[in-house]
Amino acid sequence: MSRPASRSPLWGPTLAVLLGLIGGLVLVGIALRNERFAGATGTGLAIRINGVDERMARDVLLPTVGWVLQIALPPDLPIATRESLVVTLRAERTGAMIEIADQLVSHDDFATLVIPESLGLYTGLLSIRATLTDEEDHELVAYRRVRIRSWLGGPPIGSRQIIHFDFTIDRDDDGRPDFERDLERFGLATPERPELARIVAERIAERALARVRRAYDAPDDPNRTGAARDPVFIRFVLEADPGPFVTRICVGGGNIENPDSVGNVRFDLRNQRKSSKECEREATAGLFPAELTIYRESDLYADVLGPFLTARGGATLGTRAADEERLSARGAGSPGDSESANDRRAEIDRAISFVGDVLGTVMAHESAHALGLVPPGRPGVGLFGGGEKDGDAYAHNVDASGERPTEAWLMNAGRSFILEDLAGLGEVGELRFRPLNYAYLKDRIVMIDDRRP
Ligand SMILES: [Zn+2]
């Protein structure tokens, strides 16, 4: 469009100067307000989505329902100021405004809302504005735009998904689960006492399953919903019938094709298959606990399993006269028992807990591959997972700049972990899903199928 010819030639520069002045005034204004807000300096107000930091969440697409909006408040505000919070959502397409402050749940320095269906969000751009007003009528404002998308064919996880960890696989046809034979590698079973191997196997499987469930029902509230619990709605079981929503992951046997690999479960982008069998006879898919012996040089391994490894002067579980009794009597020893009996019992309990926790961590990681973690690419399409050309980083976490994350997260590349990480004894304790991974598992993020025409 051409400009009116009658316009004064001074108009352009004047406008530029004027805009510059306004810009300067606005900047100064905000700076002053921030400095003085609620009598404190350096305060900040931020809008966060799904507990994911701004850098990683910049381009995420959100469903119409179920994602988590968090207003991070400046710390130590007077109650009256906290209560002044006003949050409005504005649909850019229609201009419709919703005020949601009365629905927010406050916890710590966050005000949170898990977006309910009743809010009736539409697809398109949504502006979020949060305002706090202190007693001197100074305002603190945060603003953010997010994009709401429809599901495009249903959520990737849904609520009917089942992961079946099958510890009974018998690839070598000896009539016994391969996992029971695997335990011999750790000194936790002897071929002479198969009935004891079965007890150890059951106890480890239970312990490992509990670890998996903790990963998917994280006690630290990764998406900061403020709720006491925020579990992923997937059932993890040791027994299940086949079905369209059942993924069966076999646990046990040697990994012939990739020795030194503890787990090999196919990455299922967007959980499209919803059911699969990670149980192939030729042992290319599944979990292979026997390969945990790759950690045998580690101090932790020697410390926990040494008492059962003959090569380290230990005695295989089941070869000592009272092992059976000690195996079935869990927990603290009885006062009447000798010190050595109690020691052996404690060693057995510790070894079972250790192998169960390590295996459970690997099971949590591998099952997440079957559910679609970590999709390669940036949000919108992926969740900062490495691509096929990225070697170990394929289907594993990378950070927003494509580097390996500095923190040990559950979906980092397997080879980046030391045994302590897998046992939950490393720097960060039990490995967990990073918030972006968890948001995906909770169906709080929409991904576009970029292969569609
Ligand atoms: Zn992996």
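**Entry 1. Overall composition**

I began with burial and found that 39% of the 453 residues of the protein count as buried. I note at the outset that this is a predicted model. I then read the secondary structure, which comes to ten helices and 15 strands. For the contacts between residues at least 6 apart in sequence, I recorded that 68% join residues at least 24 apart.

**Entry 2. Confidence**

I looked up the mean pLDDT of the protein, which is 88, with 88% of the residues at 70 or more. Over residues 1–33 I found the pLDDT below 50, and this stretch has three contacts in the model beyond near neighbours in sequence.

**Entry 3. Nonpolar cores**

I turned to the largest nonpolar core, which has 92 residues; Val200 and Ala351 have the most contacts inside it. Helix α8, residues 339–371, supplies the largest share of this core, namely 13 residues. I also checked the domains: the core draws at least three residues from domain 1 (37–148) and at least three from domain 2 (171–238 + 289–441). There is a second, separate core of eleven residues, and I listed Ile71, Leu73, Leu77 and Val87 among its members.

For Val200 I set aside the neighbours within four places in sequence and found contacts with Leu183, Leu188, Ala189, Leu317, Leu327 and Ile352.

**Entry 4. Helix α5**

I checked the length of helix α5, residues 194–215. At 1.5 Å a residue, its 22 residues should span 32 Å, and the end C-alpha atoms are 31 Å apart, which agrees. Its buried residues include Val200, and also Arg203 and Arg211. I then asked what covers the buried residues of α5. The covering elements include β10 (162–166), α4 (178–182), β11 (235–237), α7 (323–328) and α8.

**Entry 5. The five-stranded sheet**

I traced an open sheet of five strands in the order β2-β9-β8-β4-β5, with mixed pairing. Strands β2 (61–62) and β5 (97–99) stand at the edges with a single partner strand each, so one side of each has no neighbour in the sheet.

I followed the pairings inward from β5. Strand β4, residues 86–91, pairs with β5 in the antiparallel sense over three bridges, and Thr88 stands opposite Glu99 in β5. β4 also pairs with strand β8, residues 124–133, again antiparallel, over six bridges; there Leu89 has Ile128 in β8 as its bridge partner. β8 and strand β9, residues 139–148, are antiparallel over ten bridges, and Ala130 is matched with Ala142 in β9. These two strands form a hairpin with five residues between them, and Asp137 in the turn has a positive phi of about 65°.

**Entry 6. Strand β7 and its partners**

I examined strand β7, residues 110–114, and found it mostly covered, with four of its five residues buried. Strand β3, residues 68–72, pairs with β7 in the antiparallel sense over five bridges. In that pairing Ile71 stands opposite Ala111 in β7; I had already noted Ile71 in the second core.

Strand β6, residues 105–107, pairs with β7 too, antiparallel over three bridges. His107 has Phe110 in β7 as its bridge partner. The hairpin of β6 and β7 has two residues between the strands, and Asp108 takes a positive phi near 45°.

**Entry 7. The four-stranded sheet**

I found four strands in an open sheet ordered β11-β10-β12-β14, with parallel pairing. Its edge strands are β11 and β14 (277–278), each paired on one side only. β10 and β11 had already appeared in my notes among the elements covering the buried residues of α5. Two bridges join the parallel strands β12 and β14, where Arg248 stands opposite Lys277 in β14.

**Entry 8. Phe245**

I located Phe245 in the loop between β11 and β12 (246–250). I asked whether Phe245 is buried, exposed or partly exposed. With 16 C-beta neighbours inside 10 Å, Phe245 counts as partly exposed, because burial requires 20 or more and exposure 12 or fewer.

Not counting residues up to four places away in sequence, Phe245 touches Arg160, Gln161, Ile162, Lys274 and Ser275. I looked at Lys274 further: the C-alpha atoms of Phe245 and Lys274 are separated by 5.2 Å, while the two residues are 29 apart along the chain.

Conventions:
Residues are numbered from 1 along each chain as its sequence is written. This is a predicted model: local features need pLDDT of at least 70, side-chain atom pairs count only at pLDDT 80 or more; totals for chains, interfaces and linings use all residues. A nonpolar core is a set of buried Ala, Val, Leu, Ile, Met, Phe, Trp, Tyr and Cys residues joined through C-beta atoms within 7 Å. Domain bounds come from an automatic or database domain assignment. Two residues are in contact if their C-beta atoms, placed from the backbone, lie within 7 Å. Two strands pair if DSSP finds at least two bridges between them. The expected span of a helix is 1.5 Å times one less than its number of residues. pLDDT is the predictor's confidence in each residue, from 0 to 100.
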